[in-house]
Every structure is written in C-alpha cells, then in structure tokens.
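Here are a few short exercises to work through with the model open beside you. Try each task before reading its solution.

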Amino acid sequence: MLERLQRRLGLQTIPGVFFTSAGVATLFVALAVPFDQAVAEYFGLLTGWVARNLGWFYILAVTSLLVFLLGLAVSRYGTIRLGGDDSRPDYSNLTWFTMLFAAGIGTILMFWGVAEPVSHFANPPFEGVKPGTERAASDAMTVALYHFGLHTWTIFAMPGLAIGYFAYRHNLPMRISSLFYPILGEKAFGPWGWAVDVIAVLGTLFGVATSLGLGTLQLNSGLNYLFGVPSTGLVQVILIAVIASIAATSVALGLDKGVRRLSQLNILLAMVLLAFVLAVGPTVFIAEGMVQSVGDYFDALPWLAFWTETFKETDWQRQWTLFYWAWTISWAPYVGIFIARISRGRTIREFVGGVLFAPTAFTLVWFGIFGLSAIQVEMNGVVALADQVQQDPSVAIFAFLEAFPLAEVASALSVVIIVIFFTTSSDSASLVIDLLTRRDDQPSLVRQRIFWAAAQGVIAATLLLAGGLDALQNVITSLGLPFCILLIFMAVSLFRALRADYRGYSVEALVKGRAFPEVEATAETKQENEYVSEAADRH
C-alpha cells in the first residue's frame with residue numbers, strides 16, 4: 001500500500017521510513033494544535049518522570065561514550081582508517097576543523113554564549129556558592145564548558161565515527177540502520193532497520209525544530225530591540241515561515257550552491273562578531289579568564305561528569321544538563337552523517353582527537369570572549385544582564401552588546417548571523433533526512449527536501465505555540481531518550497566490527513558468527529576474508 005502511495009505521489013523513498021516518519025510528525029502537529037495545553041502538560045509530566053528516574057542514565061551514558069571513544073583512540077584500533085588502508089583524508093586539517101564547527105553547535109553558541117554563564121553566575125548550581133562572587137564566576141564558566149565541551153562532541157563523534165567506519169570501510173549505506181548490521185545482520189535492511197532510521201529521522205526533525213524555535217525567540221528579541229517589533233506568537237510564526245522559506249530555497253539549490261555558500265558566509269560573519277567583542281571588550285581579562293577556565297574545566301571534569309544532583313535534588317539538572325544532552329542527542333544523526341562525509345581517510349585516532357578536542361577548543365574561545373565579557377559587564381553593573389536573562393534568555397546577547405560601542409550595528413550583525421545559522425541548520429538537516437528516507441540508488445528529489453524543511457518549520461511553530469521555551473525543553477528531553485539508547489548499541493556494534501576487522505575478518509563474517517578465534521574459521525571464511533589478511537598484519 002505504501003509503495004502504491006509512493007508511486008502515485010512520484011516520490012523516491014524507502015516507504016516504511018518516509019511515511020512512518022511523516023505520519024508521526026503529522027499526528028503530533030494535528031494533536032498539538034487543538035490540544036496545545038494538554039500536549040504541553042503531557043510532555044511536562046513525561047519529562048519530569050524521565051528526569052527523576054532516568055536522569056542518571058543520560059549522565060552515565062554520555063560519560064561512558066566519552067571514555068569509550070578515548071579508549072579506542074589510544075588502543076590498537078586507533079590506526080584503523082575510515083576507508084581502505086591506503087586512503088588519505090579528503091580535506092586538510094584546518095579545513096576539516098572549520099567544517100566541524102559549522103556542522104555542530106554554532107546555532108547553540110549564539111543563543112547560550114552569553115545567557116548560560118550569566119545565569120549560573122547569578123544563580124550558582126552548587127550549594128554553598130554565593131551569587132556574584134569569584135567562585136560563582138569560575139563555576140559558571142566551568143559548567144558552560146562542561147555542557148558544550150567534550151561531552152557534547154562525544155554525542156556527535158559516536159555516530160560520526162560509526163557511520164564513517166561502516167560506510168567507507170565496509171561499503172554499507174550511509175544510514176543509522178547500517179551501524180547495527182553486526183548485531184541485526186540482514187534485518188538491518190528490513191523493518192528493524194527502518195525502525196532505527198525512523199527514530200533518527202524524528203530525532204533530527206524535533207531537534208532542529210527546537211533550534212528553530214530557540215532561534216525564533218532570539219530573532220524576535222533582536223528585532224524588538226532594533227525596530228520595536230512586538231514579541232508575540234504571531235510574529236514568531238511569521239519569522240519561522242520566513243526562515244523555513246529561505247531554508248527551502250537553499251535546500252532546493254543543493255549542497256554546493258546553497259548550503260556550502262551560506263555556511264561559509266556565516267562563519268565569516270561569526271568571526272567578525274567574535275573579533276569585535278574581543279577588541280572592544282576586556283581583552284586582558286578575557287585572556288586571563290580563558291587560561292584559568294581551561295584548568296578549572298579539566299580539574300572539575302572527573303567528578304562533574306558523574307554528578308547527578310543526588311543529595312540536592314533540585315530541578316536544575318533537568319533544565320540544563322539533561323536538556324542539553326537530549327537536544328544534542330537528537331542532533332546526533334544529522335551531525336554524525338555530516339561529520340562522516342567529511343572524514344573519509346582519517347584514522348580512528350585522528351578522528352577522535354580532532355572531533356573531540358578541536359571544537360572544544362573553539363568553544364573555550366567563544367565562551368571566553370562572550371561569557372567572560374558578559375560576567376564582567378554584570379559585575380561592573382554596566383547592564384543588568386542577570387535580571388534580563390532571568391526574564392527571557394533570548395535577549396541575552398542583545399542586552400550584552402548594549403555595553404559596547406556600535407551596539408546597534410553589532411546587534412544587527414547578530415540578527416543576520418542568527419538567521420543564517422538557523423537556515424543552514426534547517427537545510428542541512430533536510431538533506432540528511434532525505435538521505436535517511438531513501439535508498440542510495442534513488443535520486444534526491446527537490447520536493448522531498450522541501451517537504452522536510454517545511455516540516456521542521458511547522459513543528460517549531462507548533463512547539464512555540466504550545467508553551468514556548470518550556471515546551472521546547474520538555475519535548476526534546478523526552479524524545480532524546482530512544483536515541484540515547486541507540487548510541488549505546490551503536491558503540492557495541494562498532495566495537496564488535498573493529499575486533500573482527502583487526503583480526504582480518506569482514507563484517508559479513510562477523511554477522512555469520514565466524515569472526516572470532518573461539519569459532520574455528522572454515523575454508524569459506526578464510527576465502528571470504530582474504531582481501532584483509534595483509535591489512536590485519538599491518539594493524
């Protein structure tokens with residue numbers, strides 16, 4: 001039936017993945033629009049249950065994956081390449097690092113670069129720390145780096161490494177379901193695999209929709225600051241429609257003409273804004289603070305990585321850490337596929353080192369310039385940042401820029417950056433969702449990509465109307481859980497395949513149960529794996 005519907009609509013898809021994902025998204029919108037209060041309350045209750053009963057699982061899972069990736073990098077498997085043994089990287093290190101940043105959290109940094117440090121400075125998360133003190137400032141920077149540093153990039157690196165490994169070394173389709181081939185075998189290309197891809201599609205849809213929602217709130221605040229545009233639900237829906245239209249145009253133009261050019265322009269503008277704040281802000285204070293923040297972050301990381309608020313039991317961790325992890329996890333399929341596509345030819349050691357530490361270093365610079373400057377602005381009483389952030393975090397960057405010369409020009413530049421950041425996120429996600437919902441031998445149709453761009457906009461508008469920032473946080477914290485579980489199975493699958501690879505066996509032999517020494521290899525198995533015997537010796 002789904003195949004007949006696909007032919008009638010003239011689509012090129014995997015029907016089970018495309019129509020199931022589209023159907024769930026449509027059902028959500030259909031229920032949320034007339035029953036917005038009931039839906040908001042339901043996800044509020046669900047998020048509360050997840051935080052109380054499974055918050056520890058989010059914390060433990062992400063930290064365990066970080067340890068797993070670092071272990072792979074320093075182990076004997078670190079020399080295995082994402083591709084043939086003679087393959088080499090497609091991009092220089094500098095180009096690769098730049099693209100990594102563009103793929104990941106540029107949108108998030110624009111929203112929280114000022115808002116989070118100031119919020120923690122005014123309301124410290126740790127008991128016994130007085131607001132507005134030196135200790136509160138240090139803790140604020142440490143927590144911000146914890147949220148956007150190694151742990152965030154672990155969530156992106158895990159699927160990126162697994163996708164790159166199975167796609168380039170074993171020629172499997174670049175879909176999330178392929179990562180489970182060592183566990184599911186041929187079932188990975190049937191209904192079981194489709195279910196995995198549906199979870200990935202829905203996670204990406206709602207994750208990007210959440211970003212669109214936050215970006216719209218921030219954009220509305222910027223326009224209110226610059227031109228007096230009212231901050232209302234109607235205005236926000238109109239802004240989402242404009243951003244979705246720009247994204248649809250970009251995604252229709254394709255990767256090179258649309259996404260690539262917008263990404264390059266946006267990184268350039270972001271660097272201009274960063275340099276401006278560094279030049280007119282407290283430059284020496286920023287430099288000193290960044291050096292100290294590195295030490296504070298790595299000093300606190302061992303205990304902070306396992307901190308679950310066991311004895312304090314407030315709502316802080318649900319509102320911040322769990323929301324961030326779930327939000328990042330929902331982005332993982334999209335960002336993971338993008339990272340995999342630009343990482344062919346790199347060794348596992350190079351991949352893990354680059355993906356974890358290079359963007360974390362840039363995050364330190366970003367928070368060092370924006371976060372430390374914002375804390376000093378609050379300490380000096382130039383602008384009442386903390387009060388404004390508490391009322392509405394979307395105004396943070398605009399209120400912050402009021403403390404510097406050319407505030408209106410800098411705010412206008414920020415508005416442009418926000419629009420392009422969220423446009424590139426939407427159109428890139430649309431390309432990835434289209435990739436997940438069709439076979440490799442099927443063409444990518446423009447109308448399918450436009451459909452997914454429009455779906456993100458509709459979901460974002462629905463979430464905003466159903467409760468604003470609280471609704472965004474509650475929905476994504478709840479929906480991030482299934483893919484968090486998939487990340488664990490992904491690590492298991494990758495490790496099984498690496499063990500087989502190191503010993504000279506193909507992934508097909510692994511599925512057939514002949515890839516380990518405890519099972520004697522038959523003549524058929526040896527012939528099957530002849531092509532990797534020399535490679536195994538080199539490893």
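Helices here are DSSP runs of H or I with at least four residues, numbered from the N terminus. With that rule, glutamate 309 falls in the loop between helix H12 (283-304) and helix H13 (316-341). Keep in mind that the model is a predicted one.

**Exercise 1. Two loop residues**

Task: Find out whether glutamate 309 is buried or exposed, and do likewise for leucine 406.

Solution:
- Step 1, backbone: glutamate 309 has a phi near 55°, which is positive although the residue is not glycine. Leucine 406 also has a positive phi near 55° and is not a glycine.
- Step 2, location: glutamate 309 sits in the loop between H12 and H13. Leucine 406 belongs to the loop joining helix H16 (396-401) and helix H17 (407-436).
- Step 3, cover: buried means under 20% relative accessible area, and exposed means over 50%. Glutamate 309 has 5%, so it is buried. Leucine 406 has 57%, so it is exposed.

**Exercise 2. A link across the chain**

Task: Which side chain does arginine 169 meet in a salt bridge at 3.1 Å, N to O?

Solution:
- Step 1, principle: side chains of opposite charge can pair when their charged atoms come close.
- Step 2, partner: arginine 169 meets aspartate 85, at 3.1 Å from N to O.
- Step 3, placement: this pair connects distant parts of the chain, 84 residues apart, with arginine 169 in helix H7 (residues 150-170) and aspartate 85 in the loop between helix H3 (36-74) and helix H4 (93-103).
- Step 4, cover: arginine 169 is buried because its relative accessible area is 13%, while aspartate 85, at 24%, is partly exposed.

**Exercise 3. More salt bridges**

Task: How many salt bridges does the count come to? Then look at two of them, aspartate 315 with arginine 318 and arginine 438 with aspartate 434.

Solution:
- Step 1, total: the count comes to 9 salt bridges.
- Step 2, first pair: aspartate 315 and arginine 318 meet at 2.8 Å, N to O. Aspartate 315 is partly exposed at 37%, whereas arginine 318 is buried at 15%.
- Step 3, second pair: the closest N and O atoms of arginine 438 and aspartate 434 are 2.9 Å apart. Both of these residues are buried.
- Step 4, network: Asp85, Arg169 and Asp501 are joined into one network by salt bridges that share partners.

Terms used
Residues numbered from 1 in each chain as written. Predicted model: local features only at pLDDT ≥ 70, side-chain atom pairs only at ≥ 80, totals over all residues. Heavy atoms only, no water. Helix = DSSP H or I, 4+ residues; strand = E, 2+ residues; numbered from the N terminus. Buried < 20%, exposed > 50% of the residue type's maximum accessible area, 1.4 Å probe, protein only. Salt bridge = Lys/Arg side-chain N within 4 Å of Asp/Glu carboxyl O.
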